[in-house]
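Trainee: I have the model open and would like to take a close look at a single part of it. Could you choose one place and walk me through its surroundings, then connect it to the rest of the chain?

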Amino acid sequence: MSNIIQKKKKHQFPTAYTVIIIVLLLVQILTFFIPSGNYATLEYDQPSKEFVITKPDGSKHKEAATQKTLDKYKVKIDVKKFTNGTIYKPVAIPDSYKKIDQKKPGLAGAIYQFLSSQINGIAQSIDIIAFVLILGGCIGVVHANGAIDAGMQALSKKIKGKQILLIVLVMGLIAIGGTTFGLAEETMAFYPILIPVFLLAGFDRMTVVATIFLGTSIGTMASTINPFSTVIASNTAGVNFTDALPLRICMWATCVIVGMIYVIVYAKKVQKNPKASYVYNDFVKEDQEYLNQEDTVKEQKFTWRQKLTLLVFAIAFIVMIWGVQQKGWYFTEIAVVFLATGYIFAFISGLNEHKFVESFVNGAADLLGVALTIGLARAVSIVMEESHTSDTIMNFFSQQVSGMPPLLFIWFMFLVYVVLGFFIQSSSGLAVLSMPIMAPLANVVGIDRASIIDAYNWGQGFISLIAPTGLILMSLMMVNIGFNKWFKFCWKLLVIEFGICLAFLAIGLVVY
């Protein structure tokens, strides 16, 4: 009885849903105090082959798509970047910010916006949600025909004594994907597969999320040739992204190696003493089931159906990565790949029709919570957009940084992008909004614009390690770990990576 009472009294950290709702409420409250305003924007219209100028009040007109027009609006970008499709989003026009007369909603209006933003967030994220649910269905089928259990056993024999290589290989490959083509939400697919593998290697669930999530977040933070961040930001700032590539490669290597060492040190502690795990008390019984399965799988054969199922699943991942990198696929195309994989599973898995459908539906149900979290996180951006406060925040910061000494300026710019990255999770959206405004400030203080790109990349990437509006809550839900446990695990790494960012920004002032 005393144990039951103690459990009832024990404080529990809010779930991922509650954390996002709290953030959404805070943002909603802030919109009452932050004035509404917009920058004028310039966008290339492909059908008419003209620029569409949208004024802060929303009125539009067209002008010739020439370099002269860009010079007129102080947009220092080659016109070819617009006409060839490199820059496809509206670009903010410098010195064009104006407050707009937008009435703040009353209590009823605010409540409606609070609720409708969540519905709209789910609706606008439907392609990602579809991908997650279909992926969950495929994983359910792979589990049901025993392929994962048998495959785990075969893999555990091969990695015996070399478990640390798991962390190095998985984290390294994901970090390469992050820095080259922005591998991010796609990594959701790796969690259900790697959890049992890591547990059999003697690690815990925190090691799984640290390896996968830190791989993608550090990789995208230290972006080198990622077209959705470094390339589009450089084009929008009017500089060549290859000029700063050597320093960015060094930054990427440093951050990834530090991240690997941090995870490996923790993983080794858990291997030696499972009670050293930050989540030991949360999954003692549940995770022990995976370990107990090792003995039972030894008596089972790794059948040709199971091998074929895993092979087809692996090919689906390869096709996904190829499509994203080479063909510019987004989540609709990726979902189609895994839906096709599901149909193939129906014929090769060996499950009867009832068992197949049941396992697919149950697998999708297991990831329903993750899918809903993705939609809720999008609601924060919707509130910012509807209240027209993003541009106001941008204008405020642009005024604060003028006239600072170079080193103080670039460090402050890094902090600015930490804040902006919290509210604006789209890397390409933040680039086209901020670069025309922030890049010219580099000329004012006498530094290369490439440093602004670095501050943008590393600032928004740094905050993504813990921002509830980003990928972290979805990742934690995949392994059923609370945000408080994650922060307890990574806060030292945050301090280290923060210092690395500041150091490389200082080096950039000398190198560029």
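Mentor: What follows starts from one loop residue, Asp448, and then moves outward to the core, two helix pairs and two further loops.

Please keep in mind throughout that this is a predicted model, so every value below is computed from predicted coordinates. The residue I would choose is Asp448, which sits in the loop that joins helix H20 (427-445) to helix H21 (449-463). Is Asp448 buried or exposed? It falls between the two, because its relative accessibility is 36%, and Asp448 therefore counts as partly exposed. When the neighbours within four places in sequence are set aside, Asp448 is in contact with Ala442 and Tyr512. A polar atom of the Asp448 side chain also lies 2.7 Å from the backbone nitrogen of Ala450. On a longer sequence scale, Asp448 and Val510 are separated by 62 residues along the chain, while their C-alpha atoms are 9.8 Å apart in space.

To place this loop in its setting, it helps to look at the whole chain, whose secondary structure comes to 23 helices and 6 strands. Of the 512 residues in the protein chain, 54% are buried. Among contacts with a separation of 6 or more, 78% are between residues that stand 24 or more positions apart.

The interior can be followed through the largest nonpolar core, which has 162 residues and in which Leu214, Phe338, Phe409 and Trp486 touch the most other members. Helix H12 (residues 245-272) gives the most to this core, contributing 12 residues. If you centre the view on Leu214 and leave aside its neighbours within four places in sequence, you will find it in contact with Met171, Val209, Gly219, Val263, Leu465, Trp486, Phe489 and Leu493.

Two helix pairs are worth comparing in the same careful way. Helix H18 (residues 390-400) packs against helix H19 (residues 406-423) at an angle of about 170°, and their axes are 11 Å apart; because of that angle, H18 is roughly antiparallel to H19. On the H18 side, Ile393, Met394, Phe397 and Gln400 meet Phe412, Val416, Val419 and Leu420 of H19, and sorted by class this contact has 7 nonpolar residues, 1 polar residue and no charged residues.

The other pair is formed by helix H6 (residues 126-144) and helix H17 (residues 368-387), which pack at an angle of about 170° with their axes 9 Å apart, so H6 and H17 are roughly antiparallel to each other. Here Ile128, Ile129, Val132 and Leu133 in H6 meet Leu368, Val370, Ala371 and Ile374 in H17, and the contact has 8 nonpolar residues, with no polar and no charged ones.

Finally, two other loops deserve a look at the backbone. Most residues other than glycine have a negative phi. Lys74, although not a glycine, has a positive phi of about 60°; it is placed in the loop between helix H3 (67-72) and helix H4 (80-83), and with a relative accessible area of 48% it is partly exposed. Asn480 is likewise a residue other than glycine with a positive phi, near 60°, and its place is in the loop between helix H22 (472-479) and helix H23 (483-511).

Notes. Residues numbered from 1 in each chain as written. Predicted model: local features only at pLDDT ≥ 70, side-chain atom pairs only at ≥ 80, totals over all residues. Heavy atoms only, no water. Core = buried A, V, L, I, M, F, W, Y, C linked by side-chain atoms within 4.5 Å. Buried < 20%, exposed > 50% of the residue type's maximum accessible area, 1.4 Å probe, protein only. Helix = DSSP H or I, 4+ residues; strand = E, 2+ residues; numbered from the N terminus. Contact = heavy atoms within 4.5 Å. Axes fitted to C-alpha atoms, helices over the stretch in contact; angles between N-to-C directions. Parallel < 35°, antiparallel > 145°, perpendicular 65-115°, else oblique. Nonpolar A, V, L, I, M, F, W, Y, C, P; charged D, E, K, R; others polar. Polar contact = N/O pair within 3.5 Å; in protein donor to acceptor, adjacent residues only side chain to side chain.
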